[in-house]
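The exercises below are meant to be worked with the sequence and the structure side by side. Each one sets a task and then gives a solution that goes step by step.

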Amino acid sequence: MTSVVHRTVVCCVEGGEQCEEDESVNCCCEPCCAQWNCESTIPTEASCPERRPDFNSACEDSEQGLHCDYGETECCGVTYPEISMECTDNTWIGYYIDTLCILGLAPPCPDDTTTEPAEKSADETTTAISQCPPEWPDENSACMDGLKCPYGMEECCGEMVPDVIFECYSGQWSMLIIDSLCDFGIPCPEESTTTGE
């Protein structure tokens with residue numbers, strides 16, 4: 001008479017299953033051969049309680065390993081349980097299911113599309129310029145407040161003077177025209193050579 005020895009090994013923990021080893025079958029490793037057989041430890045008559053158990057309340061031996069979801073919430077077109085409970089060590093443990101909607105991160109949902117704004121002409125800009133452009137910007141185009149950019153530098157009376165300065169106020173360029181003595185044809189002042197005696 002041959003006896004078959006079964007030894008319980010934890011390996012199929014998902015869904016309350018565990019592996020049974022059949023030593024009458026020889027193979028090198030588990031659970032990928034006939035020597036190892038996953039069998040459910042949850043009795044077939046076990047089912048989730050109709051009413052959600054309280055957190056940390058006792059559960060029956062027959063409910064051991066049972067996973068139960070309660071309530072429903074919809075977020076971004078997907079339905080989720082509100083609370084998930086599991087009977088572990090004869091105690092109902094559980095947690096609330098957080099969704100983007102519950103956390104205030106949706107809507108808009110990650111897959112939502114937005115309508116495109118009307119096309120702008122090539123000379124319109126929507127990005128604020130954060131440094132002086134190489135050429136004069138258009139008046140009232142976008143810029144970063146505080147920028148002051150001189151253009152059209154010319155020498156007058158030994159100094160370099162701009163023709164215009166673009167300054168950014170309230171996110172838009174404003175143009176200031178600079179008039180120098182040379183623009184008006186006024187002679188440069190001479191340095192005083194007289195000394196007080």
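**Exercise 1. The hairpin and its sheet**

How many residues lie between β7 and β8 in the hairpin that they form, and which residue in the turn has a positive phi? Then place this hairpin in its sheet, keeping in mind that the model is a predicted one.

Solution.

Step 1. There are 2 residues between β7 and β8, and the residue in the turn with a positive phi, of about 50°, is D89.

Step 2. Strand β7 covers residues 83-88 and pairs with β8 in the antiparallel sense over 6 bridges. Two of the partners can be followed by name: M85 has G94 in β8 as its bridge partner, and E86 has I93 in β8.

Step 3. On its way into the sheet, β7 is also joined to β4, by 4 bridges and again in the antiparallel sense; here D69 stands opposite S84 in β7.

Step 4. Put together, these pairings give an open sheet of 3 strands in the order β4-β7-β8, with antiparallel pairing. The edges are taken by β4 (67-70) and β8 (91-96), and because each has a single partner strand, one side of each is left without a neighbour in the sheet. Neighbouring strands of this sheet are turned against each other by 25° on average, with direction ignored.

**Exercise 2. The second sheet**

Determine the strand order of the open sheet that contains β9, β12 and β13, and say which strands stand at its edges.

Solution.

Step 1. Begin with β9 and β12, which run antiparallel and are joined by 4 bridges; P150 has I165 in β12 as its bridge partner.

Step 2. Continue from β12 to β13, which also run antiparallel and are joined by 6 bridges, with Y169 standing opposite Q172 in β13.

Step 3. The order is therefore β9-β12-β13, an open sheet of 3 strands with antiparallel pairing. Its edge strands are β9 and β13 (172-177), each of which pairs on one side only, and the twist from one strand to the next averages 25°.

Step 4. Look finally at the side chains along β9, which alternate: C149 and Y151 point to one face and are buried, whereas K148 and P150 point to the other face and are not buried.

**Exercise 3. The aromatic cluster**

Which residues are linked into a cluster by ring pairs, and how are the rings of Y151 and F166 arranged?

Solution.

Step 1. A pair of aromatic rings is described by the distance of the centres and the angle of the planes. The count of aromatic pairs comes to 4.

Step 2. One of these pairs is formed by Y151 and F166, with 5.8 Å from centre to centre and 80° between the planes, an edge-to-face arrangement. The pair links distant parts of the chain, since Y151 lies in strand β9 and F166 in strand β12 (residues 164-169), 15 residues apart. Both Y151 and F166 are buried.

Step 3. The ring of F166 also pairs with that of W173: the centres are 6.3 Å apart and the planes stand at 90°, so this pair is edge-to-face. W173 is buried, as is F166.

Step 4. Ring pairs thus link W136, Y151, F166 and W173 into a cluster.

**Exercise 4. The loop between β8 and β9**

Is E135, found in the loop between β8 and β9, buried or exposed? Which residues make the nonpolar surface patch that includes L103?

Solution.

Step 1. E135 has a relative accessible area of 63%, and because the cut-off for exposed residues is over 50%, E135 counts as exposed.

Step 2. E135 and G152 are 17 residues apart in sequence, while their C-alpha atoms are 9.5 Å apart in space.

Step 3. L103 also has its place in the loop between β8 and β9 (148-151). Together with L100, I102 and L105, L103 makes a nonpolar surface patch of about 380 Å².

**Exercise 5. The chain as a whole**

How many helices and how many strands does the chain have, and what percentage of its residues count as buried?

Solution.

Step 1. The secondary structure comes to 0 helices and 13 strands, so that, read from the N terminus on, the elements run β-β-β-β-β-β-β-β-β-β-β-β-β.

Step 2. The chain has 197 residues, of which 23% count as buried.

How values were computed: Residues are numbered from 1 along each chain as its sequence is written. This is a predicted model: local features need pLDDT of at least 70, side-chain atom pairs count only at pLDDT 80 or more; totals for chains, interfaces and linings use all residues. Side-chain values use heavy atoms; hydrogens and water are left out. Axes are lines fitted to C-alpha atoms, for helices over the stretch in contact, and angles run from 0 to 180 degrees between N-to-C directions. Patches are made of residues with over 30% relative accessible area and no salt bridge: like charges are joined within 9 Å, nonpolar side chains (Val, Leu, Ile, Met, Phe, Trp, Tyr) within 5 Å. Accessible areas come from the Shrake-Rupley method with a 1.4 Å probe; for residues, only the protein chains shown count as cover. A salt bridge is a side-chain nitrogen of Lys or Arg within 4 Å of a carboxyl oxygen of Asp or Glu. Rings of Phe, Tyr and Trp (its six-membered ring) pair if their centres lie within 6.5 Å; planes under 30 degrees apart count as stacked, over 60 as edge-to-face and the rest as tilted. Buried means under 20% relative accessible area, exposed over 50%, partly exposed in between (1.4 Å probe, protein chains only).
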